[in-house]
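Here's a walk through one protein chain, from its overall make-up down to a few side chains worth pulling up in your viewer. Keep the 3D view open as you read.

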Amino acid sequence: MLSVVLAGIPLPLSAWSDSEHHPKWVDYTGTHEMDVSVGFPTAYLMYGYMGMLSGLAGLVNILEDALTDDGGGMEPAAAAKRFGKSKVVPNLRAEYGYNFLSWLNVGAAVNYSDCRMPMRYEDTKRYAYTERFGVTSVTVRLKFYWLNRKWVRMYSVVGAGVGIVHTNAFSAGTEPPVYVTKAIFAPDLCLIGLTVGRKLYGRIEYGSMYGGLTAGIGYRF
């Protein structure tokens, strides 16, 4: 999947040769960029795919219980059930990058997102506890600028790092809920990014793995 995405990143051949740049190309080599942004709740989206993440906590055993004739192995997990509205924290990101070349920015980003769901007992319908799924990641990002103008820059991103998942989502039927903290591989990709402004700029990204569609503000110096 990574190969397919990388192949689709629009990097013109002229990006590798400064002498072939467009006449209006602006060189930001040697400058720094710092910004903050907000996007869709990454943790809530990951929670939807928790079945895949549960492999880290023993997916094989869960499947074996689900396939038993009497289904007794699944009984503890059914003791509590979600109800009401979920509370989500959108993806919050802080990023720093340095423009080593006119088209290459190398930096790092910190992402945080969280979602919480009230749980109640199925038999009494009383509140049981709050299920939480929080994700924090730190990634190194390579930002490829394929359009550089005085006020507008466009880019794509590829990167990787480490993520920390903190959750009690695997503890349904236990008293009290048990929290699990695990480190996971955290890829970082963005299809298209846009900044508008010179020193103070606004930014929007589409196709980001963290937040999907994100918007923020930054400063270049």
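Accessible areas here come from the Shrake-Rupley method with a 1.4 Å probe. On that footing, the surface of this protein comes to about 12,200 Å², and carbon and sulfur atoms account for 67% of it. Bear in mind that you're looking at a predicted model.

**The overall picture**

The chain has 221 residues, and 37% of them are buried. Its secondary structure adds up to four helices and nine strands. Reading from the N terminus, the order is α-β-α-α-α-β-β-β-β-β-β-β-β. Take the contacts between residues at least 6 apart in sequence: 64% of those join residues at least 24 apart.

**Strand β3 and its partners**

A good place to start is strand β3, which covers residues 87-99. Strand β1 (residues 32-39) runs antiparallel to β3, and eight bridges hold the two together. One spot to look at is Met34, whose bridge partner in β3 is Tyr96.

β3 also pairs with strand β4 (residues 104-121), again antiparallel, through eleven bridges. Here Val89 has Asp114 in β4 as its bridge partner. β3 and β4 make a hairpin, with four residues between them.

**Glu95, a buried acid**

Now zoom in on Glu95, which sits in β3. Is Glu95 buried or exposed? Its relative accessibility is 6%, so Glu95 counts as buried, the cut-off being under 20%.

Which side chains does Glu95 reach with polar contacts? One is Lys143, with a polar contact of 3.4 Å between the side chains. Another is Arg203, where the side-chain contact is 2.8 Å. Setting aside neighbours within four places in sequence, Glu95 is in contact with Glu33, Met34, Asp35, Ala108, Ala109, Arg141, Lys143 and Arg203.

**Salt bridges**

Counting salt bridges across the model gives 13. Three of them are set out below, with the distance between the closest N and O atoms.

| Salt bridge | Closest N and O atoms |
|---|---|
| Glu33 and Arg220 | 3.0 Å |
| Arg93 and Glu95 | 3.8 Å |
| Asp114 and Arg132 | 2.7 Å |

Let's take Glu33 and Arg220 to begin with, a salt bridge at 3.0 Å. This pair links distant parts of the chain, since Glu33 is in strand β1 and Arg220 in strand β9 (residues 212-220), 187 residues apart. Both Glu33 and Arg220 are buried.

Next comes the Arg93 and Glu95 pair, at 3.8 Å. Arg93 has a relative accessibility of 4%, so Arg93 counts as buried; Glu95, at 6%, counts as buried too.

Then there's Asp114, which forms a salt bridge with Arg132 at 2.7 Å. Asp114 lies in strand β4 and Arg132 in strand β5 (residues 127-148), 18 residues apart, and this pair also links distant parts of the chain. Asp114 is buried because its relative accessible area is 2%.

Which residues end up in one network through salt bridges that share partners? They are Asp35, Arg93, Glu95, Arg141, Lys143, Asp188, Arg203 and Glu205. Lys143 and Arg203 have already come up as polar contacts of Glu95.

**Aromatic pairs**

There are four aromatic pairs in the structure. In one of these, Tyr98 and Phe100 meet edge-to-face, 4.8 Å centre to centre and with 80° between the planes. That angle earns the edge-to-face label because the cut-off is over 60 degrees. Tyr98 is partly exposed, with 24% relative accessibility, and Phe100 is also partly exposed, with a relative accessible area of 47%.

Trp103 and Phe144 form a stacked pair: 6.3 Å centre to centre, with 15° between the planes. These two come from distant parts of the chain, with Trp103 in the loop between β3 and β4 and Phe144 in strand β5, 41 residues apart. Are these rings buried or exposed? Trp103 counts as buried because its relative accessibility is 10%, and Phe144, at 13%, is buried as well.

Conventions: Residues are numbered from 1 along each chain as its sequence is written. This is a predicted model: local features need pLDDT of at least 70, side-chain atom pairs count only at pLDDT 80 or more; totals for chains, interfaces and linings use all residues. Side-chain values use heavy atoms; hydrogens and water are left out. Buried means under 20% relative accessible area, exposed over 50%, partly exposed in between (1.4 Å probe, protein chains only). A polar contact is a pair of N or O atoms within 3.5 Å; within protein, one must be able to donate a hydrogen and the other to accept it, and residues adjacent in sequence count only if both atoms are side-chain atoms. Contact means heavy atoms within 4.5 Å. Two strands pair if DSSP finds at least two bridges between them. A salt bridge is a side-chain nitrogen of Lys or Arg within 4 Å of a carboxyl oxygen of Asp or Glu. Rings of Phe, Tyr and Trp (its six-membered ring) pair if their centres lie within 6.5 Å; planes under 30 degrees apart count as stacked, over 60 as edge-to-face and the rest as tilted.
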